[in-house]
Amino acid sequence: MTFFNPWAFGFAGLVPVIVALYLLKVRRRPVAISTLMFWQRVLQENQRRALFQRLRQWLSLLLHLLIFALVMLALTRPTIDHAVHEGSSTVLILDTRARMQASEADGVTRMEKAVNAALTYARQAGPFRQMAVQTSSGHAGVRQGFSGDEKALRESIQACAASDAGGDLQPALRLAGDLLASRAGEKKIVVFSDRAEALAQPAALPIQTVTVGTARDNIAILRFASRALPASPETFEILAEVANFSAQPWTGNLEVSLNGRLLDVRPFTLAAGERKSSVFSTVVEKPGVGKLIAHLAASDDALPLDNVAYALLPREPIRKVLLVTAGNWFLEKLLAADVRLRFELLAPDAYQPAMAANFDAVILDDQPAAALPESGNFLYLKQSPFATGGPALEQPIVTDADSQHPALRLASLEHVSFARAVEMAIPREPGAWKFEAPLRFGDQPLLIAGERGSTSSPQVGSTGSPQVGSTSSTQRVAALAFGLTDSDLPLRVAFPLLMANTIHWLAGGGGAGAADNETMRQSDNERNGFHEHRAADGSSRWMAVNTFDEGESDLRLAKSEAAAAGAVGAPRVVLGGWPLWPWLALAAAVLFTGEWWLFHRRQTE
């Protein structure tokens, strides 16, 4: 056994004082009495003045000495933990992800339960047993460095609160491993979460999990977005997806409001474990910021956070496009049909490279291009700076397509027939350019896309709507290895999607299938809602932040408290969550109360 305060044993010198006080003679004052009936009692008292006769009532002295010993041992703060000889370091990780806001059956949130469990562990802190406090949500953070001060640890734990972010615990575990790397003695990580996850142990450190959640039913909004229709910028499509993470069917309404005014009500009927999506249109003449809020009405579940979602309806600026061609009916009709574009048609003989500065994008249809442009955004059809001059590719087919690239969003070219294509290659020394080939025929690129410069968001006015004619510091180029007349692409549904995606990507906007609103998932400790971000130049833009994480909304995956009780070993130096010294002090108080009771019953007088 080890004693944190061995100096307290110095109080053992008071034991003779206690014995001396017990043996102290009682001075009696003379009193006149009227009878001799009490003489016998007086003689008995006189006999007790002898030393050994005074020790005949030994119970009182034993209780006094035992009470004193317990108090002295409590002051020494003993421990039976062998690890304190080298010291021990423990990192307490509190899960502060969104689902920790869920309420349990008793009305207490999982976060409150995790905090209470962590406070129990903080009672073990001492000079040789130091602890650190971390939180884990969108990213890992240190709330309290290694300390043996129980008060400081408790304050840092009580300051922890659940965020609206998702994510996983691995960054927090890696950070805990880094904190423990330079520590000597016993090392340990304790995670307080609502479910026992499969955790990778950093540097073979032991990880204990304290689970605080039970399986709960929940209804959630998993997706909520909007976009303007290319043919009618005044018309917006709204997408909403609702999921039922419970064992019971659910029926309710999804209420959608725009700028505080009720816009639409959509009924949902979901079976157990089912999810449904709904797409509906609305016309907005002057959207401005266009703040959309979706709310699940009459939904009383464990996690209210995911019953509300946010989206924006900003107006996309008009893009100016220059088409340089000897005559391309398909491109002319396509550009004229896109109301988000204003294009000018120019003959090849009249084109000058300096004209690119006046347009958001320039399309060169089968025009010679020897080198990459110094400025401006360009789309090359057939001839491009990437052409190798090698033999033409006869009847190529699409073998590899990156559907995540902005130019190919929602556009499928698998069944498009090509008669021939120009051989292209990505430059071996791209310099500041970053190129990729999202469309390939074997090892041969059919589409090359590249950009250079810093990526910046479109300029946004103080009202939140993007300003027309905004510029970006990013220069982009794209090149197709074929001409439109060399394939049946103009007859395919993919043609308008591919061209619109590419042109809007070059001009700095989203593709035809991209949401016009700027909506992001929670990956930080920001709260859900509408956030205005200001740039250094004084401009600002609005963003709608949501959790949108199935892992956070599905509360059925949590383990029950009873099943998870064995997931973490009980601390070796505590009893019922307390160190040994409070129990010693409590035992002393109990004995003192018992001795007082016996004395007043004249058992130890």
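Biologist: Before we turn to the charged pairs, what does buried mean here, and how was the model treated?

Modeller: Buried means under 20% relative accessible area, exposed over 50%, and partly exposed in between, with a 1.4 Å probe and protein chains only. This is a predicted model, in which local features need pLDDT of at least 70 and side-chain atom pairs count only at pLDDT 80 or more, while totals for chains, interfaces and linings use all residues. Residues are numbered from 1 along each chain as its sequence is written, and side-chain values use heavy atoms, with hydrogens and water left out. The term asked about, buried, is therefore set at under 20% relative accessible area.

Biologist: Is Arg-97, which meets Asp-95 in a salt bridge, buried or exposed?

Modeller: A salt bridge is a side-chain nitrogen of Lys or Arg within 4 Å of a carboxyl oxygen of Asp or Glu, and the side chains of Asp-95 and Arg-97 meet in one at 2.8 Å, N to O. Asp-95 has a relative accessible area of 0%. Because its relative accessibility is 2%, Arg-97 counts as buried.

Biologist: Which residues are joined with Arg-110 into one network by salt bridges that share partners?

Modeller: Arg-110 meets Glu-104 in a salt bridge at 2.8 Å, N to O, and both of these residues are buried. Arg-110 also forms a salt bridge with Asp-194, with the closest N and O atoms 2.4 Å apart. That pair links distant parts of the chain, since Arg-110 lies in helix α5 (residues 110-122) and Asp-194 in the loop between β6 (186-193) and β7 (207-211), 84 residues apart, where helices (H or I, at least four residues) and strands (E, at least two) are DSSP runs numbered from the N terminus. Through shared partners, Arg-110 is joined with Arg-99, Glu-104, Asp-194 and Glu-552.

Biologist: Which helix gives the largest share of the largest nonpolar core?

Modeller: A nonpolar core is a set of buried Ala, Val, Leu, Ile, Met, Phe, Trp, Tyr and Cys residues joined through side-chain atoms within 4.5 Å. The largest has 54 residues, and those with the most contacts inside it include Tyr-351, Val-362 and Phe-378. Its largest share, 7 residues, comes from helix α9 (residues 494-506).

Biologist: Which backbone oxygen does the side chain of His-531 reach?

Modeller: His-531 lies in strand β26 (residues 529-534), and because its relative accessibility is 18%, His-531 counts as buried. At 2.5 Å, its side chain reaches the backbone oxygen of Arg-527.

How values were computed
Polar contact = N/O pair within 3.5 Å; in protein donor to acceptor, adjacent residues only side chain to side chain.
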